[in-house]
Every structure is written in structure tokens, then in C-alpha cells.
Amino acid sequence: MRIIVQNAKCQGHARCASQAPHIFKLDDEGYILPGDIQVAEGEELPASRGARSCPERALELTR
Ligand code: F3S
């Protein structure tokens, strides 16, 4: 599983990181770091929860 990060949509809500801080890394101002996220095996559940928690829909799950 991979997460496509759309930085232009991120408003710094940080809900993704509060769900899974080891998967969703934020910069000093609380915005998601650029670059797609490759989800490790066994991390699909927290990754999908974090991605779905973003109110701006900045995190797109893909296979
Ligand atoms: Fe940004 Fe959404 Fe996370 S707005 S910090 S990607 S919850």
C-alpha cells in the first residue's frame, strides 16, 4: 500500500500524525512532509485510518 501525499491540500490539521505518528511525518509548522509514503507490511490499518482522518483529503490510498 502507498499513500499519495498532496501537499497543496494540506492545511496542517495533524490528524494523520495523531493517528499514526510513525507513518505521517510533519514539518516544524505541522504540515505533512512532501513525498509519497510507502506503507510497510502490517501497517495498513493505522495508515488507512490516518489517511482517512484528513479533513482536506490530502492523503490518497493506493495499491
Ligand atoms: Fe495535513 Fe491532513 Fe495531515 S491537513 S497534517 S495531511 S490531517
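These questions and answers cover the ligand site, the nonpolar core and two backbone angles of a predicted model.

In this predicted model, local features need pLDDT of at least 70 and side-chain atom pairs count only at pLDDT 80 or more, while totals for chains, interfaces and linings use all residues. Residues are numbered from 1 along each chain as its sequence is written, and side-chain values use heavy atoms, with hydrogens and water left out.

User: How do the residues of the shell around the ligand divide into nonpolar, polar and charged?
Analyst: The residues around the ligand (a heavy atom within 4 Å of it) include Cys-10, His-13, Arg-15 and Glu-56. Ala, Val, Leu, Ile, Met, Phe, Trp, Tyr, Cys and Pro count as nonpolar, Asp, Glu, Lys and Arg as charged, and the others, Gly among them, as polar. The shell divides into six nonpolar, four polar and two charged.

User: Which residues is Ile-32 in contact with, leaving aside its neighbours within four places in sequence?
Analyst: Contact means heavy atoms within 4.5 Å. With those neighbours left aside, the residues are Val-5, Asn-7, Cys-10, Cys-16, Phe-24, Lys-25, Leu-26 and Leu-59.

User: Is Ala-14 buried, partly exposed or exposed?
Analyst: Phi of Ala-14 is near 65°, a positive value in a residue other than glycine. Buried means under 20% relative accessible area, exposed over 50%, and partly exposed in between (1.4 Å probe, protein chains only). At a relative accessible area of 28%, Ala-14 is partly exposed.

User: What is the relative accessible area of Arg-57?
Analyst: Arg-57 also has a positive phi, near 55°. Arg-57 is exposed, and its relative accessible area is 65%.
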